[in-house]
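Hi,

Here is the structure I promised to send over. Have a look through it first, and then read on for my notes on what turned up.

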Amino acid sequence: MSNTVKAYRAAILHSLADPAVVGVEQSYQYFEDGILLIENGKVAQVGAAAELLPKLAGVEVQHYRDALITPGFIDTHIHYPQTGMIASYGEQLLDWLETYTFPTEQQFADKAHASDVAAIFLKELLRNGTTTALVFGSVHPQSVDAFFEQADKLNLRMIAGKVLMDRNAPDYLTDTAETGYAESKALIERWHGKGRLHYAVTPRFAPTSTPGQLELAGKLLGEYPDLYMHTHLSENRKEIEWVKALFPERKGYLDVYDHHRLIGPRAVFAHGVHLCDEECQRLAETGSAVAFCPTSNLFLGSGLFDLNKLEAHGVRVGLGTDVGAGTSFSQLQSLNEAYKVMQLQGKKLDPFKSLYLATLGGANALYLDDRLGNFLPGKDADFLVLDYNATPLISYRMQQARSLEERLFALTMLGDDRAVKETFAAGVSVHQRS
């Protein structure tokens, strides 16, 4: 491959650590006029333009004025088959699955349909500046083939898996413990580690899998130690009661997964709205992560996620859109709603903590912080350019802002896909706002 070097100039901001751990001032690095130097799809250097420009003779420099470069956003929980049913009216979790989700997912038996939706889905993520996501497929293995084929074309770092579901769902959407295991294994062999792709063992949630299926899911994780595990946990109170009724021998919802060896590093549990201290402790000690999905939790009336409680226990937390119960592909919109979720609990969400959750925090939750999440040299050059003049209101608000903190906060409150001027994956432009 030829040695390609390019430089991008703008204001540059990236997270270095969790503000909750090191304090806000130590948590980020900012260059008012910065250069991001990319070589062969990786970050070579980041620094002040005044310092780096003299060393860049012969290197093409792309200059974005009134713009902010940040690392690509990371979405730690989203369902690509639900793209077409986003904004479906009026149900809470269990009825919502029956009314909308299952009929929609039936269509993914058709590989051509799955490919069409995967292309639309990835385009939406990139329009919103999201460069990595942990993604649910449907129960059909061809849904995962379609997704990975589209992601591989764009050289994206994506994680996905076939849903495992052998009970409490329509016949047209169930597999068996054995077929689920065999189909997952074939997909793992085909896709895990190909390009920038990773596989996640994906039981939908405890109520739709028999103990036998959960056992075989745990077996898969044992056979391929660097796989992901992706499922739902303690989203809705009725769901939790249902789990108790189905698994009376287990001491709680998390214990169902724990018993079947579905907990540990690279295990990501979506929601975790209603967790007890013991469950938080267990998530922390096993290195498991929780995906905070504010737009979804509010839309389905699931409850208010207690970020401070999980942090106090040392649980890894990423940010998720949870489309289609989530109402936007935009992590800026997720952060807008996350701020309100915290406010309703009498707490604050600092703008630099927001940046961390959407970038390095997500990478940390996914154990990809050695490759993604900020601009340390050697990391994948996944980044986006945010436009300070994206809308008349954002432009006017920026003129009033007196600090970086104020600008960043205003972007998370007022920003959406329109704020994303350009998105890059592995140093290649994959979205330009028209």
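Which residue's side chain meets that of Arg-261 in a salt bridge? Glu-215 is the partner, with N and O 3.2 Å apart. The two sit in distant parts of the chain, 46 residues from each other: Arg-261 is in the loop between α9 (253-259) and β11 (267-271), while Glu-215 belongs to helix α7 (residues 211-223). Both ends have some access to the outside: Arg-261 is partly exposed at 46% relative accessible area, and Glu-215 is partly exposed too, at 34%. Before I go further, please keep in mind that this is a predicted model.

**Salt bridges**

That pair belongs to a longer list, since the structure holds 32 salt bridges. Another one to click on is Asp-18 with Lys-353, whose side chains meet at 2.7 Å, N to O. Asp-18 lies in the loop between β1 (5-15) and α1 (19-22) and Lys-353 in helix α14 (residues 351-358), so this contact ties together parts that are 335 residues apart in sequence. Are the two ends buried or exposed? Asp-18 has a relative accessible area of 15%, so Asp-18 counts as buried, given that the limit is under 20%. Lys-353 is buried as well, at 8%.

For a local example, go to helix α8 (residues 237-246). Lys-244 forms a salt bridge with Glu-241 there, and the closest N and O atoms are 3.7 Å apart. The two are 3 residues apart in the helix, so about one helical turn separates them. Lys-244 is partly exposed at 49% relative accessibility, and Glu-241 is partly exposed with 48%.

There is also a network: Lys-42, Arg-157, Arg-196, Asp-380 and Asp-382 are joined into one by salt bridges that share partners.

**A nonpolar patch**

On the surface, three leucines are worth a look. Leu-298, Leu-304 and Leu-344 make up a nonpolar patch there, with about 250 Å² of accessible area together. Leu-344 is in the loop between α13 (331-343) and α14, and this residue is exposed, with a relative accessible area of 62%.

**Cavities**

How many cavities of 30 Å³ or more does a search of the whole structure find? The search gives 3. The largest cavity holds about 120 Å³ of space. Its lining has 14 residues, and those nearest the centre are His-79, Leu-93, Leu-97, His-232 and Glu-235. Helix α3 (residues 93-106) has the largest share of that lining, 3 residues. Sorted by class, the lining of the largest cavity comes to 6 nonpolar, 4 polar and 4 charged residues.

The second largest cavity has about 70 Å³ of space. Among the residues lining this second cavity are Phe-73, Leu-332, Leu-335, Pro-351, Leu-355 and Leu-411. At least two residues of the lining come from each of α13, α14 and α17 (404-414), and α14 gives the most, with 4. That is the helix that carries Lys-353, the partner of Asp-18 above. By class, the lining of the second largest cavity splits into 9 nonpolar and 3 polar residues, with no charged ones.

**Pockets**

Moving on to the open sites, the largest pocket has a volume of about 290 Å³. It is lined by 14 residues, with Lys-251, Gly-252, Tyr-253, Cys-276 and Glu-279 closest to its centre. Helices α8, α9 and α10 (277-286) each provide at least two residues of this lining, and α9 has the largest share, 4 residues. What classes of residue make up the lining of the largest pocket? There are 7 charged, 4 nonpolar and 3 polar.

The second largest pocket has a volume of about 210 Å³. Of its 16 lining residues, Ala-11, Glu-32, Asp-66, Ala-67 and Tyr-388 lie nearest the centre. β1, β2 (28-39), β4 (60-71) and α16 (392-400) are the elements that give two or more residues to this lining. β4 gives the most, with 5 residues. The class breakdown for the second largest pocket is 7 nonpolar, 4 polar and 5 charged.

Cheers

Notes. Residues numbered from 1 in each chain as written. Predicted model: local features only at pLDDT ≥ 70, side-chain atom pairs only at ≥ 80, totals over all residues. Heavy atoms only, no water. Salt bridge = Lys/Arg side-chain N within 4 Å of Asp/Glu carboxyl O. Buried < 20%, exposed > 50% of the residue type's maximum accessible area, 1.4 Å probe, protein only. Patch = residues over 30% accessible without salt bridge, like charges linked within 9 Å, V, L, I, M, F, W, Y side chains within 5 Å. Areas by Shrake-Rupley, 256 points an atom, 1.4 Å probe, with all protein chains shown as cover. 1 Å grid on protein atoms, 1.4 Å probe; cavity = no way out; pocket = protein on both sides within 12 Å on 5 of 7 lines; lining within 4 Å. Points joined across faces, edges and corners; volume = space filled by probe spheres on them. Nonpolar A, V, L, I, M, F, W, Y, C, P; charged D, E, K, R; others polar.
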